[in-house]
Amino acid sequence: MRVVRAASGDRGSVGQGLLTRIAACVGTPVYVYDAEAIRRQYAALTGALAGVPHRVHYSVKANANLAVLALIRSLGAGADIVSGGELARVRRAGFAGQDIVFSGVGKTDRELAAALQAGVGLINLESEGEFELLARLARERGTGRPVSVGIRVNPDVTADTHPYTQTGAAGMKFGVPLDQVVPLAQRIAAAAELVLRSVGMHLGSQISDPAPYRQGAARLAELVEALRAAGIRTLASVDVGGGLAISYGTSPALDARTFAEAVSPLARRTGLPLLVEPGRFLVGNAGCLLTRVLYRKRSGGRVFLVTDAGMNDLLRPSLYGAYHEIRVVDGDSGAGGAAVSAGGELVDVVGPNCESGDFLGLDRRLPGAGPGTLLAVLGAGAYGFGMSFPYNSRPRAAEVLVDGGRYAVVRDREGVDDLMRGESAQPVWRDP
Ligand code: LLP
């Protein structure tokens, strides 16, 4: 059995034995990432896009671990960031300023100033207010060379995904509405300290249907033509965002070639290289969360396996009702293994937090699983650790990277001192 999956099936290089060993040595809960699976996904995407000039900018929010970032940088990718914290991370992981695209709907003046300081290659503007702020900061800095900016467009394309991960439809907070783009581009063109290098979109996340990409790409192509007609001659790329769906076991993935076919016409029609911002596609199925069953109990006709990981470690099931496949890794590693669940019985895998919405999976068949069993929650490489939080004062999990049969702890498990850093039981009062 292979518990870390490649998008296309069970071809992961991290097997049961290694996972058992990692859990024993590092403890649980622990996130485990497979370097080879990330390389494979990167190669699949760049291979599929080989027919058009393109650059992959990894969307850091999917998994911002420094070792994962350094690995993806070593493959040749740039980075797509959305905060000053992500900027600091990608710099530490070795990304050059030029290789960074700064997206995001709510960048602060400090974050924009840090981006200017770092020489970020492209700042994607999402509003007129942001344009004004950035132009002022660039003017105050006065660094001779104009700052490269893009406009993130809201193309009014609806992708069929969870409502919380749709971003490209009209009436959402993201992007500049199509009819406001040319006027904004003209304001940028008139500002000596900025230069408009790109227009782009990001339609949402976990999109399995290529149709929205086709539609969005066509809208961006028309927009580029309209901008050129309005005298804008500085465009150097078009950004098609991220959002490619992976399979979580039952749901369909968006194949890299199908995606490439949908967006490539945009490059051909405009003569501009594509920027692509995948997050989940590169790392989602390269990671799993290992957790141990603490208890098994029955209540009101239901059977619960209570695990040492919960919504604070992996929020996706609770927040989006997301399905993550759960597999038994081993069943004989500890306390009270006697009370195992019978073969066909349906169980709810629930976390230790004091919330009824705290679960990793409902109505699952996990034959043989009982106290002490090690479970792997699959597809946890993207938006897993990055969305974890220390609710109930539970320190965040450790992270491990596996490569070539070896493993490395790439983030230590947090301790309780980490949880209380900066806090004080004795307030130091100040007069306002
Ligand atoms: N570019 C931009 C501007 C984005 O906002 C995102 C994701 C991406 C690229 C990468 O999207 P991806 O290729 O990973 O789908 N927490 C949610 C996903 C939120 C995605 C936010 N933006 C989840 O767990 O499903």
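Hi everyone. Let me start with a definition: a molecule sits in a pocket if more than half of its atoms lie within 2 Å of the pocket's grid points. Keep that in mind, because the ligand here meets that condition: the space it takes is the largest pocket. One caveat before we go on: this is a predicted model.

So, who surrounds the ligand? There are 18 residues around it, and those that come nearest are S205, E277, R316, Y320 and Y383. By type, the shell around the ligand splits into six charged, eight polar and four nonpolar residues.

Now for some individual distances, since I know this group likes them. In S205, a polar side-chain atom lies 2.3 Å from an oxygen atom of the ligand. For Y383, an N or O atom in the side chain is 2.6 Å from a ligand oxygen atom. R280 takes part through its backbone instead, with an N or O atom 2.8 Å from an oxygen atom of the ligand. And how much of the ligand does the protein cover? On its own the ligand has 580 Å² of accessible area, and the protein covers 90% of that.

Let's step back to the pocket itself. The largest pocket has a volume of about 850 Å³. Its lining counts 47 residues, and S59, K61, V82, H202 and Y383 lie nearest the centre. You'll recognise Y383, which is also one of the residues that come nearest the ligand. Which elements give two or more residues to this lining? They are the strands β6 (147–154), β8 (194–200) and β18 (406–411), together with the helices α10 (280–283) and α11 (316–320). Of these, β8 gives the most, with three residues. As for chemistry, the lining divides into 18 polar, 16 nonpolar and 13 charged residues.

There is a second pocket to show you. The second largest pocket has a volume of about 330 Å³. It is lined by 15 residues, and V120, R145, P146, V147 and S148 are the closest to its centre. Two or more residues come from each of α5 (109–118), β6 and β8. Seven of the lining residues are nonpolar, five are polar and three are charged.

I'll finish with two backbone details, for anyone checking geometry. As a reminder, most residues other than glycine have a negative phi, and most peptide bonds are trans. Here, though, T28 and P29 are joined by a cis peptide bond, with omega at about -5°. P29 is in the loop between α1 (16–26) and β1 (30–34). Then there is N392, which is not a glycine and yet has a positive phi of about 60°. You'll find N392 in the loop between β16 (374–377) and β17 (398–403).

That's my tour. Thanks for listening!

Key
Residues are numbered from 1 along each chain as its sequence is written. This is a predicted model: local features need pLDDT of at least 70, side-chain atom pairs count only at pLDDT 80 or more; totals for chains, interfaces and linings use all residues. Side-chain values use heavy atoms; hydrogens and water are left out. A residue is near a molecule or strand if one of its heavy atoms lies within 4 Å of it. A polar contact is a pair of N or O atoms within 3.5 Å; within protein, one must be able to donate a hydrogen and the other to accept it, and residues adjacent in sequence count only if both atoms are side-chain atoms. Accessible areas come from the Shrake-Rupley method with a 1.4 Å probe; for residues, only the protein chains shown count as cover. On a 1 Å grid over the protein atoms alone, a cavity is a set of points where a 1.4 Å probe fits but cannot get out, and a pocket is an open set with protein on both sides within 12 Å along at least five of seven lines; lining residues have an atom within 4 Å of a point. Ala, Val, Leu, Ile, Met, Phe, Trp, Tyr, Cys and Pro count as nonpolar, Asp, Glu, Lys and Arg as charged, and the others, Gly among them, as polar. Grid points are joined across faces, edges and corners, and a volume is the space filled by probe spheres set on the points. Helices (H or I, at least four residues) and strands (E, at least two) are DSSP runs, numbered from the N terminus.
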